[in-house]
Amino acid sequence: MAAAGWYHRDISQVVAEELLAKAGRDGSFLVRDSESVKGAFALCLLFQRHVYTYRILPDDEGLLSVQTIQGIQAKCFLTLPELICAYQHPNNGLVTPLLHPVHRPRPAEDSDGEDARGWGHTVPCPGAPPSSRTHIPQQLHQRLQEQVRSSPASDFMGFMAEYLTQHVQDLEALCHGHPQLRHLSTALATACRALHSEIDFTLAGLETLARVFDPPASPRSPAREQGFLSSDSDLELLLNKISTVNHLLSSLEKKVLKSLQETVTRHNLALPSVAVAPLPASRPLAVQNFEVKVGKSQRAGLTVDVESGTVTITKRGSGSPEDVIPQDKILQLIKYQSVQSKVRLVCARENQKSLSRDFIFPSARKREAFCQLLQLMKIQHSNLDEPEIISVYVGTWNMGSTPPPRSLASWLTSRGLGRTQDETTACIPHDIYVIGTQENSLGDREWVEFLCASLKSLMAIDYRVVALQCLWSIKIVVLVKPEHQRRISHVHTSSVKTGIANTLGNKGAVGVSFLFNGTSFGFVNCHLASGSEKTHRRNQNYSDILHSLALGDKRLGGFDLTLRFTHLFWLGDLNYRLDMDVQDILTHIVKKEFQALLAVDQLNLEREKNKVFLQFSEGDISFPPTYRYERGTRDTYVWQKSKPTGMRINVPSWCDRILWKSHPETHVICNSYGCTDDILTSDHSPVFATFEVGVTSQFVPKEAPGSSPEALACIEWESIEVILKTTSRSKCYLEFHSYCLEEMQRSEENTSQNCDIPGFLKLLWSSKHLPVLNPILPDLEYLGDQHLLLSIKGVESCESYGECCLALRSAIGTTAQQFETFLFHRGEETGSVRGRMRVRVPRGRCGTRERLYEWISFEEEDAEQAAEPAMCPKLPPQRLRSRPRSLPEPATGYTNPAYFIFEGVPNACPPAPGGAPKKQAERPAGAQPCRSPTGARVPLPSEEEPWCGRPRCGPPSPSRGHPLSPSRAGHHKRPKSAVLTRDTVGLGDCSLYGATQLEQVSPQCRGDRLRQSHRVLEPPPRPCREAPRPLGKRGALDASALEAQPPPPAEPQPARM
């Protein structure tokens, strides 16, 4: 089977359809691994421009059979080639016979002689001509000669050269179904024969030392006896000896420790009491002072005392404080977006009237430090048993196979270049530290102890190790504060090799996942393929990691890795480079013109093409490229590197990155993103990022679930429409997963479907075919934090066509709310889903409270700008999904013009060059309300549906407007090429045939037209939330208070985070 060209292993469904579409002939077929059943296969067959998928399942005896149409008796086969050969004849239950096998595409070799998937992934078919087989050893001999020049192991290379002459014999045996590679085993056994004596000498010494500390009952190591009594071949015996050495080295320390402890106990020896000394207490935060400007010219001082919980305002020149504000009197903190250094403090007064005061700080960094201190003050003085917000530090560093310096203080305290922590907050300890390294030459234990000691010296806290996962020199360590250790559960670790043939761990990824109370976290540290020209291979590494990394809840194993966690952080040496001449790059770096460089950053470009990191976010990059520096300095980039194949150019690049992706309507803010400038041991600079993350705890309802018949919540659906990028005609069903449901729920088959547009399948479910979901708890406060995972699966294959995540918060109310988002599968965008849903909450369960992270909000415009007359409307900001804010707008054209949805293409050309474009005016009073992409009426902010009696608002969006967040990060938008039917003029029935119809208009008109369609489909901005009323610590509004609450005011309000 390995020699069969039509067997494509574990490629995705999307890739299989693309290969068949390129073949284009009826009867074209291929076989891939099944995604739904382990050990099964999927037969993909092209007929009349549609792909049909049949499952090939093994029975209890290992016989294979195809699930075909009803009425056809299933046939069983011993091997997969026999099955394929039998179904090349008609009338076997398939839509057409298997006529034209689609072979695996041969990957292009790179400069190092490694293909895009590594060695060993392309095996010649049995029918290959002898000339191609004899050509392979010649290529291998040439590669070996290149390696001999730089390798001291000339004798070993001689054995390998002898084997390469016999390579064809192993190749022929493999083609005939014998994958034992006997000639390779013989060559390796001969080459490693000298190792036997060395290992025997080492083993004898280790066993002698082990027997000294062994009990008398075991005079000899059982592992050693088993190895020498074995009658296996020389190579297997050598492997057994190496395994024995590994076992002895790992167990020797435990034996010696146990023996010494028994000696101490037996002889009543006294041990020194150094280890039982009390740990140093956490250092109290010092009182911090800030110089601010009040009004236009008056200056004042702000004193923040976190320990006492007060903010003191003192006028300049006055010795006595003007006002002392306790933390419980601070109602709201508003950050201005138009003035990055301005903040408004809203405080409560005795007469129940709030007082607002504006302060302007010397810099935006000082303002952020002030806000972080007030947030920390609120957390410390709250009466909550469990935290609602935690701080997470994420760091990545390629250590260059050299030991670290004595101090990592700048890295662990986020100081250096870029957006860094202010000195007033740099030494505030974070709740979680996640450290990812590549090319780390230290031992695992040595590295962890070094990190813990570094943090203890900086923070005076003895951090606990949650997990350590290593793959060769790639390591990830997760540390938490001692008080959080009990809140960590369900820890999982995993690793994936993406080196040569996906079997070497010099490249790959390690990951850790866990639950912090009720919030799931995932962290992935990776080291991808190097080289400026290997962008495609890096993309493939990313896809392999997504597919193979086993993290998170096993029940969610069928979902895309990026959807399994509330918060997923991806860090590492991603190795994406800059596509620009090295001298031009150096010129831009000297001038600090990073925007021009970010426009040619390969990672940004690939994200724009939706190749990798779909819907991920990244902070703004305001620091120089972190690779490739001259070791010992940060003033010089070394961009030339000598290789056996010649001189290699490594242009300065942002190889080391930190990205994240969170569930919709969750709280996450990136407070810093930068690199150090004083750690010089590697050619990479360490990179850091810090985050403020909202977390949930186990909810305890006031009433027992099911105590009254009416106390039940439900999730109802009016309709769901799915558009898939597929050539399949399969019927589909929906699966619903959520932690708020007792078990997975499934819908019926889709009500209707439409495949008139080539390459796309439109599915529709009515309310009768969708299940009503009943959460295990009906409380609004609980449901507002829950999410629902949807998966669209084919009826025949039971394989997923795409998955998505929906937040329940926006759908809570008495009327259905529209939702729309993208579908993902194995890291690829596979379509979109939209519909209407509502979450009904009983009246008696509508109590809620303000979260600690909800008292800080953003002011989109300054007060002076908001007061401008409405006669000067502004265009709404153009928003691009997953687009870094630092990346310039594309000049013309569209990122993905092949992704058409059923509504057609708009036919409104922009004005001629030189003509002023018409601005879209704001909706005047009395105008008709706007409509959503599905045609449903979208309520205006003033008529928005109350959220269980309260004025509804959009989800708290911490990313919106934040300096470090991509534009509109976290908001789901319609796929770029999705357009409205009503915008189509002159294109007839809107049947789309690739780019042919687009070619009928000029390129400039086409580019602007497509960009216009994207703006038309942007969902209307969600209404802003009103300023919060003072509530108790655990205050909940009852139903009567909710009903009596007035609608939101018409004037602009600060947008909630």
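Colleague: Buried or exposed: which is Phe290?

Modeller: This is a predicted model: local features need pLDDT of at least 70, side-chain atom pairs count only at pLDDT 80 or more, and totals for chains, interfaces and linings use all residues. Numbering starts from 1 along each chain as its sequence is written, and side-chain values use heavy atoms, leaving out hydrogens and water. Buried means under 20% relative accessible area, exposed over 50%, partly exposed in between (1.4 Å probe, protein chains only). At a relative accessible area of 3%, Phe290 is buried.

Colleague: With which residue does Phe290 form an edge-to-face aromatic pair?

Modeller: Rings of Phe, Tyr and Trp (its six-membered ring) pair if their centres lie within 6.5 Å; planes under 30 degrees apart are stacked, over 60 edge-to-face, the rest tilted. That rule gives 25 aromatic pairs. In this one the centres are 5.9 Å apart and the planes meet at 80 degrees; the partner of Phe290 is Phe361.

Colleague: How many residues apart in sequence are the parts that this pair ties together?

Modeller: Helices (H or I, at least four residues) and strands (E, at least two) are DSSP runs, numbered from the N terminus. Phe290 belongs to strand β6 (residues 288–294), and Phe361 to the loop between β12 (354–360) and α10 (364–380). Phe361 is also buried, with a relative accessible area of 3%. The pair therefore ties together parts whose separation in sequence is 71 residues.

Colleague: Stacked or edge-to-face: how do Trp397 and Trp411 pair?

Modeller: Both Trp397 and Trp411 are buried. Their ring centres are 5.7 Å apart and their planes lie at 70 degrees, so the pair is edge-to-face.

Colleague: Where does Trp411 lie?

Modeller: Trp397 lies in strand β13 (residues 389–398). The pair ties together parts that are 14 residues apart in sequence, because Trp411 lies in helix α11.

Colleague: Why is β15 described as largely enclosed?

Modeller: Both faces of β15 are covered. Ile432, Val434, Gly436 and Gln438 are buried on one side, and Tyr433, Ile435 and Thr437 on the other. β15 is largely enclosed by the rest of the structure because its buried residues number seven of seven.

Colleague: Which residue of β17 is the bridge partner of Gly436?

Modeller: Two strands pair if DSSP finds at least two bridges between them. β15 runs parallel to β13, with seven bridges, and Val394 stands opposite Val434 in β15. β15 and β17 run antiparallel, joined by six bridges. In β17, Gly436 is partnered by Ile476.

Colleague: How large an arc do the buried residues of α12 cover?

Modeller: α12 (residues 444–459) spans 23 Å from first C-alpha to last, close to the 22 Å expected (1.5 Å times one less than the number of residues). Its buried residues are Trp447, Val448, Leu451, Cys452, Ser454, Leu455, Leu458 and Met459. They lie on the same side of α12, because their arc around the axis, taken from the directions to the C-beta atoms, is only 160 degrees.

Colleague: Which strands are included in what covers those buried residues of α12?

Modeller: Contact means heavy atoms within 4.5 Å. The cover includes helix α11 (409–412). It also includes the strands β15 (432–438), β16 (464–471) and β17 (474–480).

Colleague: Which residue takes a positive phi just after α12?

Modeller: The phi value there is about 60 degrees. The residue just after α12 that takes it is Ala460.

Colleague: Which residues does Asp323 touch, not counting those up to four places away in sequence?

Modeller: Asp323 is in strand β9 (residues 323–326). At 15% relative accessibility, Asp323 counts as buried. With that sequence limit, Asp323 touches Val311, Thr312, Ile313 and Arg349.

Colleague: Over the face of which ring does Arg746 lie?

Modeller: A charge sits over a ring if NZ of Lys or CZ of Arg is within 6 Å of the ring centre and within 35 degrees of the ring normal. Lys342 has its charged end over the ring of Tyr336, 4.6 Å from the centre. Arg746 is 3.6 Å from the centre of its ring, that of Tyr733.

Colleague: Which are the edge strands of the open five-stranded sheet?

Modeller: The order is β4-β3-β2-β1-β5, with mixed pairing. Within the sheet, β2 (residues 41–47) and β3 (residues 50–58) run antiparallel through seven bridges. Pairing on one side only marks the edge strands, β4 (64–66) and β5 (100–101).
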